[in-house]
Amino acid sequence: MTNAHSTAKTAKTKTTSKTLRKISQRHYTVGYISVRHEPKAKEACTHYSKHPALHLKGNWLETVGFTSGQPVTIIAKKGKLIVKLAKQIA
């Protein structure tokens, strides 16, 4: 599972206006969730399966613009996850 506390580091990256800004980096470990599989008849559980899971939490999320209840969009690429606020339809 993930560590109880993430660690924060700051890195400097160049923006398009060639100014430097600090970006907060968080380090987590991918854990897992366990899913219970039951047959349709009310019998005992047949087995459990493990699936990768990543739980992001902490006040730093609000600091960077993610508040409770906001929908997000996740773009998944090989070795990279991009989390963005979802565009709300009015």
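What share of the contacts in the chain between residues at least 6 apart in sequence join residues at least 24 apart? In this predicted model, the share is 16%.

**Overall make-up**

The chain holds one helix and six strands. Read from the N terminus, the order of the elements is β-β-β-β-α-β-β. Of the 90 residues in the chain, 8% are buried. The accessible surface amounts to about 8200 Å², and carbon and sulfur atoms account for 55% of that area.

**The largest pocket**

A volume of about 600 Å³ is found for the largest pocket. Its lining consists of 14 residues, and those closest to the pocket centre are Leu56, Trp60, Leu61, Leu81 and Val83. Two or more lining residues each come from strand E2 (20–27), helix H1 (59–63), strand E5 (72–77) and strand E6 (80–85). Strand E2 supplies the largest share, with three residues. Sorted by class, the lining has 11 nonpolar residues, two polar residues and one charged residue.

**Two residues compared**

Ser49 and His55 can be set side by side by location, accessibility and contacts. The contacts listed leave out residues up to four places away in sequence.

| Residue | Location | Relative accessible area | Residues touched |
|---|---|---|---|
| Ser49 | strand E4 (residues 47–53) | 18% | Ile33, Ser34, Val35, His37 |
| His55 | loop between E4 and H1 | 36% | Tyr28, Ile33 |

Ser49 counts as buried because its relative accessible area, 18%, is under 20%. The side chain of Ser49 also makes a polar contact with the side chain of His51, at 2.9 Å. Beyond its sequence neighbours up to four places away, Ser49 touches Ile33, Ser34, Val35 and His37.

Is His55, in the loop between E4 and H1, buried or partly exposed? His55 has a relative accessible area of 36%, so this residue is partly exposed, falling between the 20% limit for buried and the 50% limit for exposed. One of the residues that His55 touches is Tyr28. These two residues are 27 places apart along the chain, and their C-alpha atoms are separated by 8.5 Å. Ile33 is touched by His55 and is also among the residues touched by Ser49.

**Summary**

The picture is of a chain with one helix and six strands, in which 8% of the residues are buried. Ser49 is one of the buried residues, whereas His55 is partly exposed. The largest pocket draws lining residues from elements including E2 and H1.

Definitions and conventions
Residues are numbered from 1 along each chain as its sequence is written. This is a predicted model: local features need pLDDT of at least 70, side-chain atom pairs count only at pLDDT 80 or more; totals for chains, interfaces and linings use all residues. Side-chain values use heavy atoms; hydrogens and water are left out. On a 1 Å grid over the protein atoms alone, a cavity is a set of points where a 1.4 Å probe fits but cannot get out, and a pocket is an open set with protein on both sides within 12 Å along at least five of seven lines; lining residues have an atom within 4 Å of a point. Grid points are joined across faces, edges and corners, and a volume is the space filled by probe spheres set on the points. Helices (H or I, at least four residues) and strands (E, at least two) are DSSP runs, numbered from the N terminus. Ala, Val, Leu, Ile, Met, Phe, Trp, Tyr, Cys and Pro count as nonpolar, Asp, Glu, Lys and Arg as charged, and the others, Gly among them, as polar. Buried means under 20% relative accessible area, exposed over 50%, partly exposed in between (1.4 Å probe, protein chains only). Contact means heavy atoms within 4.5 Å. Accessible areas come from the Shrake-Rupley method with a 1.4 Å probe; for residues, only the protein chains shown count as cover. A polar contact is a pair of N or O atoms within 3.5 Å; within protein, one must be able to donate a hydrogen and the other to accept it, and residues adjacent in sequence count only if both atoms are side-chain atoms.
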